[in-house]
Amino acid sequence: MAKTPTGKNTSGRGQRDLKVKVKSARGRRLSSTRWLQRQLNDPYVRRAQLEGYRGRAAYKIMELDDRFRFLVPGALVVDLGCAPGGWSQVAVKRINSQGEKKGKSVGRIVGVDLQEIEPLAGAEFHQLDFMDEGADDQVKEWLGGKANVVMSDMAAASSGHKQTDHLRIISLCETAAYFAFDVLEVGGTFVAKVLAGGAEGELQKLLKTKFDKVMNVKPPSSRSDSSEKFVVATGYRG
């Protein structure tokens with residue numbers, strides 16, 4: 001039976017006592033303290049550390065792909081706003097970009113972000129603003145053709161105002177969708193993070209004009225108290 005340094009038994013006390021509590025520090029806002037405490041106690045954060053992923057977001061793309069099967073061996077993938085690289089880590093294995101699955105087609109993934117990204121075996125990262133003129137052609141050149149998948153876990157910088165943040169991320173997602181229209185192969189898939197809040201209806205209308213199916217999904221690894229969800233659009237019609 002486990003004991004504390006004082007000799008008291010700890011068995012039967014349950015999981016609550018194992019949670020890390022963060023004390024407020026001078027200069028740190030209460031919201032920051034709460035975020036830090038949530039991070040330290042998040043099982044997906046701990047799991048990502050143990051399994052070598054660059055962030056808990058890796059499990060979101062795993063769960064989405066487990067359901068919709070778009071990261072297949074041989075796929076050509078674009079990862080928008082790819083830093084720190086968790087989504088690309090998952091894609092590398094599933095599209096077989098390193099050729100580890102013998103007898104399977106070898107895929108390729110190109111990730112772009114405004115900031116420099118730590119290299120990842122099996123992925124090609126570039127520091128690029130995908131909104132720049134000619135960025136779509138540059139990405140297609142790096143990729144070696146049109147993409148089968150364009151995925152985005154991007155989020156606009158938080159303003160602290162919920163409705164403003166919602167509008168910003170919807171605008172960012174719409175811009176990513178127009179980029180996808182330029183680089184996707186017919187039959188391709190677009191996956192992007194959005195925030196629930198009302199304005200996403202126009203995004204849905206836009207995607208439905210270009211894709212056979214458009215679905216909204218909240219994967220299990222997405223925090224229950226978050227308004228985050230993901231749009232998965234399949235069957236790009238060109």
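# Notebook: a seven-stranded sheet and what packs on it

**Entry 1, the sheet.** I started with the strands: they form an open sheet of seven, in the order 3-2-1-4-5-7-6, with mixed pairing. Strand 3 (124-127) and strand 6 (211-217) are at the edges; each has a single partner strand, so one side of each lacks a neighbour in the sheet. From one strand to the next, the twist averages 15 degrees. Note to self: this is a predicted model.

**Entry 2, how far to trust it.** I looked up the confidence next. The chain has a mean pLDDT of 83, with 77% of its residues at 70 or more. Residues 1-24 are the part I'm leaving alone: pLDDT is below 50 there, although the stretch has 25 contacts in the model beyond near neighbours in sequence. Where pLDDT is low, predicted coordinates should not be read in detail.

**Entry 3, the overall layout.** I counted seven helices and seven strands in the chain. Reading from the N terminus, I get α-α-α-β-α-β-β-α-β-α-β-α-β-β. Of the 238 residues, 46% are buried. I also checked the contacts between residues at least 6 apart in sequence, and 61% of them join residues at least 24 apart. The accessible surface is about 13300 Å², and carbon and sulfur atoms account for 49% of it.

**Entry 4, strand 5.** Is strand 5 enclosed or open to the outside? I found nine of the twelve residues in strand 5 (residues 184-195) buried, so the rest of the structure largely encloses it. Strand 5 pairs with strand 4 (residues 147-152) in the parallel sense, over five bridges, and here Val150 stands opposite Phe190. Strand 5 also pairs with strand 7 (residues 228-236), this time antiparallel and over six bridges. In that pairing, Lys193 has Phe230 as its bridge partner.

**Entry 5, the edge at strand 6.** Strand 6 runs antiparallel to strand 7, joined by six bridges. Phe211 stands opposite Tyr236 of strand 7. Helix 7 (residues 200-208) packs on the sheet here, touching strand 5, strand 6 and strand 7, and its direction makes about 150 degrees with that of strand 6.

**Entry 6, the cores.** I went after the nonpolar residues. The largest core has 37 of them, and Leu80, Val150, Phe190, Leu207 and Phe211 have the most contacts inside it. Helix 6 (residues 162-183) gives the most to this core, ten residues. A separate core has 30 residues, including Ala57, Val77, Ile117 and Ala123.

Which residues does Phe190 contact, leaving aside neighbours within four places in sequence? I listed Val150, Cys173, Ala176, Ala177, Ala180, Leu184, Leu207, Phe211, Val231, Val232 and Ala233.

**Entry 7, helix 4.** Helix 4 (residues 86-94) is mostly covered, with seven of its nine residues buried. I noted these as Gly86, Trp87, Ser88, Gln89, Val90, Ala91 and Val92. Helix 4 lies across strand 1 (76-80), strand 2 (108-113), strand 3, strand 4, strand 5 and strand 7, and runs at about 150 degrees to strand 4. After the helix comes Asn96, with a positive phi near 65 degrees.

**Entry 8, Asp65.** I wanted to know where this acid sits: it is in helix 3 (residues 57-68). Is Asp65 buried or exposed? Its relative accessible area is 2%, so Asp65 counts as buried, the cut-off being under 20%. Not counting residues up to four places away in sequence, Asp65 touches Phe70, Leu71 and Arg94.

Note on methods:
Residues numbered from 1 in each chain as written. Predicted model: local features only at pLDDT ≥ 70, side-chain atom pairs only at ≥ 80, totals over all residues. Heavy atoms only, no water. Core = buried A, V, L, I, M, F, W, Y, C linked by side-chain atoms within 4.5 Å. Buried < 20%, exposed > 50% of the residue type's maximum accessible area, 1.4 Å probe, protein only. Helix = DSSP H or I, 4+ residues; strand = E, 2+ residues; numbered from the N terminus. Contact = heavy atoms within 4.5 Å. Areas by Shrake-Rupley, 256 points an atom, 1.4 Å probe, with all protein chains shown as cover. pLDDT = per-residue confidence, 0-100. Pairing = 2+ DSSP bridges. Axes fitted to C-alpha atoms, helices over the stretch in contact; angles between N-to-C directions.
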